[in-house]
Amino acid sequence: MTESPTVFPVCIAGTGSYVPERILTNAELAARVDTSDEWIVTRTGIRERRIAAENEFTSHMATHAARKALEDAGLSAADLELIIVATITPDTPTPATACYVQQNIGASKAVAFDISAACSGFLYAMKMAKRLIASGAFNNAIVIGAEKLSHITNWEDRATCVLFGDGAGAAVLRRAQPGEGAVLATEMGTDGSLTHILNVPGGGTACPITAANVNNHLATLTMLGKEVFKHAVTRMKEAAEIVIERAGLKPEDIACVIPHQANQRIIDAIADRLAVPNDRVFMNLHKYGNTSAAAIAIALDEAHRTGAFKRGDHIVMVVFGAGLTWAAAAVRW
Ligand code: UT7
C-alpha cells in the first residue's frame, strides 16, 4: 500500500495503558495444565500475564488507558473528535466497544467505532486516524488497543493458554505544530489465504454459539504455532524495512523498535534481521504475555514513560496477527 501525500502532519501527543491487577504466573499455569515455567520462559520469554476480573470488560480497560492518554496529551475528552478501538474481544457484538468508551470518558462530540484486525489492530487504527487527521476531516483522535483474551482462551490447551493476557493501551493523535513529532510512514498488509493458522472458529455466523460448540472449545483461540511464527518473522521484518525506508531513515537511525509482544524468539529474530541492536528493542512480554491489539499500545506507553526514547528520536512499531494481518509505523517522537 503506497503512502499518499500528507496534507497536515500528525503527531502522537500522549499515551496511556492499563493492565488488570490479577497476575497469573507460569507456576500457577503449570498446576493446571502439563507445562512448566522452564518451557514457557525458554520458548516464549513470558513469565506472567494479567487476567481481568469477571466483571471487568474490555471497555473498562480501554477507558482507563484512554483517560491516561488524554491526560498525557493535555486534551480534554470534551474536545476529542474520534475514538477507534481495536479489539477481537468486544464487550458486545454491537454496539462497538468504542461507544462504551465514549460514554465512560464523556467524549460526547467524538465519532466512535471499532476495528477488528487482531494483533495488528492498533496500528491499523493508527493509520486510519492519521489519514483522517491529515486530510483535515478531524483535528484529533484516540486509538485504543484493548483485549480480554482470557475470555477466548482455551484453559485446557497448553499450547495456547500460556501465551495470552488482558490489558489496554491508547495513543492520542492530533495535528502537529511546526517542530513537533510526526507519524512519518505507515504500512499495512493482509493475507486472507492463511485465516486457518490462527483463529477463533466459533461465535460468528459460520459457527454460531451453541452449548455443543462451546464444549468443543470452538469459541476459543486455535493456532498452528510454528506456521504463525514463520510468517510473523518474515512479514514484520518486511513491514519494518518498508516504513524505515519510506521515512527516509536507516536502521541505525532508529532509537527504539517496539515489536508485537508475542514471543521473545520472534522479537530476537526480527532484531537480528533488521540489524538493530537488542538494547534498542523494547520488550515487556515477560510481564503481560501476548495481549493482541493491546500489546503494542501498552509497550508504546511503557517505552514512552520509562524514557526508552526522547523527543526527536525515531521509533518503529511493527505488529503481526490473525488474518493474517501485519502493520508497521515509523514515528518521529
Ligand atoms: O499474536 C499472534 C501471533 N502469535 C504468535 O506469534 C505465536 C507464534 N508461535 C509461537 O510463539 C511458538 O510456535 C509457540 C510458543 C506457540 C510454540 O513454540 P514452538 O517452539 O513452536 O513449539 P511447538 O509448537 O513445536 O511444540 C514443541 C513441543 C511439542 O511437543 P512434541 O510434539 O515435541 O512432543 C508440544 O506439544 O512442545 C510441546 N508443547 C508444550 N510443552 C510444554 C506445546 N506447548 C507446551 C507447553 N508446555 N505449554
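Here are legends for close-up views of this predicted model, starting at the ligand and moving on to the sheets.

**View 1. The residues that surround the ligand.** Let's begin with the neighbours of the ligand: there are 22 residues around it, and those that come nearest are Thr35, Arg43, Arg158, Asn263 and Asn290. Sorted by character, the shell consists of eleven nonpolar, six polar and five charged residues.

**View 2. Close pairs of atoms at the ligand.** Two asparagine side chains are worth finding here. An N or O atom in the side chain of Asn290 is 2.6 Å from an oxygen atom of the ligand. For the side chain of Asn263, an N or O atom is 2.7 Å from an oxygen atom of the ligand. Gly225 takes part through its backbone: one of its backbone N or O atoms lies 3.0 Å from a nitrogen atom of the ligand. On its own, the ligand has 960 Å² of accessible area, and the protein covers 74% of that.

**View 3. Helices and domains around the ligand.** Which elements give two or more residues to the shell around the ligand? They are helix 2 (37-44), helix 6 (158-161), helix 8 (225-246) and helix 9 (264-274). Helix 8 gives the most, with four residues. Now zoom out a little to the domains: domain 1 (10-180) and domain 2 (183-332) each supply at least three residues to the shell.

**View 4. The five-stranded sheet.** Follow the strands across this open sheet in the order 1-7-6-4-5, and you will meet mixed pairing. At the edges are strand 1 (10-18) and strand 5 (111-115), each of which pairs on one side only. From one strand to the next, the twist averages 20 degrees. Inside this sheet, look for strand 4 (residues 82-86) and strand 6 (residues 140-148), which pair in the parallel sense over four bridges. A handy landmark is Val85, which stands opposite Ile144 in strand 6.

**View 5. The four-stranded sheet.** This open sheet has four strands in the order 8-13-12-11, and its pairing is mixed. Which strands are at its edges? Strand 8 (182-190) and strand 11 (254-259) are the edge strands, each pairing on one side only. The twist here averages 10 degrees from one strand to the next.

**View 6. An antiparallel pair up close.** Strand 12 (residues 314-321) and strand 13 (residues 325-332) run antiparallel and are joined by eight bridges. To find your place in this pair, look for Val318, which stands opposite Ala328 in strand 13.

How values were computed
Residues are numbered from 1 along each chain as its sequence is written. This is a predicted model: local features need pLDDT of at least 70, side-chain atom pairs count only at pLDDT 80 or more; totals for chains, interfaces and linings use all residues. Side-chain values use heavy atoms; hydrogens and water are left out. A residue is near a molecule or strand if one of its heavy atoms lies within 4 Å of it. A polar contact is a pair of N or O atoms within 3.5 Å; within protein, one must be able to donate a hydrogen and the other to accept it, and residues adjacent in sequence count only if both atoms are side-chain atoms. Accessible areas come from the Shrake-Rupley method with a 1.4 Å probe; for residues, only the protein chains shown count as cover. Ala, Val, Leu, Ile, Met, Phe, Trp, Tyr, Cys and Pro count as nonpolar, Asp, Glu, Lys and Arg as charged, and the others, Gly among them, as polar. Domain bounds come from an automatic or database domain assignment. Two strands pair if DSSP finds at least two bridges between them. Axes are lines fitted to C-alpha atoms, for helices over the stretch in contact, and angles run from 0 to 180 degrees between N-to-C directions.
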